[in-house]
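Biologist: I'm new to this one. Could you pick a single part and take me through it closely?

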Amino acid sequence: MRVDRLRGRARPTRLPRASVAAAAVVALAATAAACGPNNDAYVALQNVMKSHITTQDHRPVGSVSCTPHVHGTVRGETVHLRCQVDFADGTAYTADAAIHDQNSGGTHNRPDTYSWDSPPPE
């Protein structure tokens with residue numbers, strides 16, 4: 001709300017109804033865009049697999065797709081997934097993978113760890 005001063009006295013100025021409605025729509029859209037986790041656990045696993053296999057195993061990866069779509073992990077537990085790894089050369093393999101939440105007991109704010117089956121030889 002804007003306040004105008006007239007003759008030494010403060011008087012609130014009301015916004016037109018259209019402006020109030022537009023502001024509400026913008027606030028609602030901003031809230032909806034911020035909903036949910038920033039990075040789901042399975043997406044983080046896919047990114048780590050793609051990067052590691054490409055750089056460490058020297059096999060360029062086109063894409064990685066893991067299921068189930070795990071959005072978060074529970075303290076101290078391990079989630080098991082199946083991942084389809086498609087290489088840039090057109091070949092592919094399926095890997096068993098796991099996401100382990102290291103936060104248990106007295107430990108906090110430790111990152112998840114990832115493991116998966118190595119790709120077959122070329």
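**A close look at helix H2**

Modeller: Let's start with what covers the buried residues of H2: strand E3 (61-67), strand E4 (78-87), strand E5 (92-100) and strand E6 (113-116) are among the elements that do so. Keep in mind that this is a predicted model, where local features need pLDDT of at least 70, side-chain atom pairs count only at pLDDT 80 or more, and totals for chains, interfaces and linings use all residues. Residues are numbered from 1 along each chain as its sequence is written, and side-chain values use heavy atoms, leaving out hydrogens and water.

Helices (H or I, at least four residues) and strands (E, at least two) are DSSP runs, numbered from the N terminus. The expected span of a helix is 1.5 Å times one less than its number of residues, so the 15 residues of H2 should cover 21 Å, and the end C-alpha atoms are indeed 21 Å apart.

Buried means under 20% relative accessible area, exposed over 50%, and partly exposed in between (1.4 Å probe, protein chains only). On H2, the buried residues are Ala41, Tyr42, Ala44, Leu45, Gln46, Met49 and Ile53. Take Gln46: it counts as buried because its relative accessibility is 13%. Leaving aside residues up to four places away in sequence, Gln46 touches Val64, Ser65 and Cys66, where contact means heavy atoms within 4.5 Å.

Cys66 leads us to the one disulfide in the structure, a disulfide being a pair of cysteine sulfur atoms within 2.5 Å. Cys66 is joined to Cys83, S to S 2.1 Å. Cys66 sits in strand E3 and Cys83 in strand E4, so the pair ties together parts 17 residues apart in sequence. Both Cys66 and Cys83 are buried.
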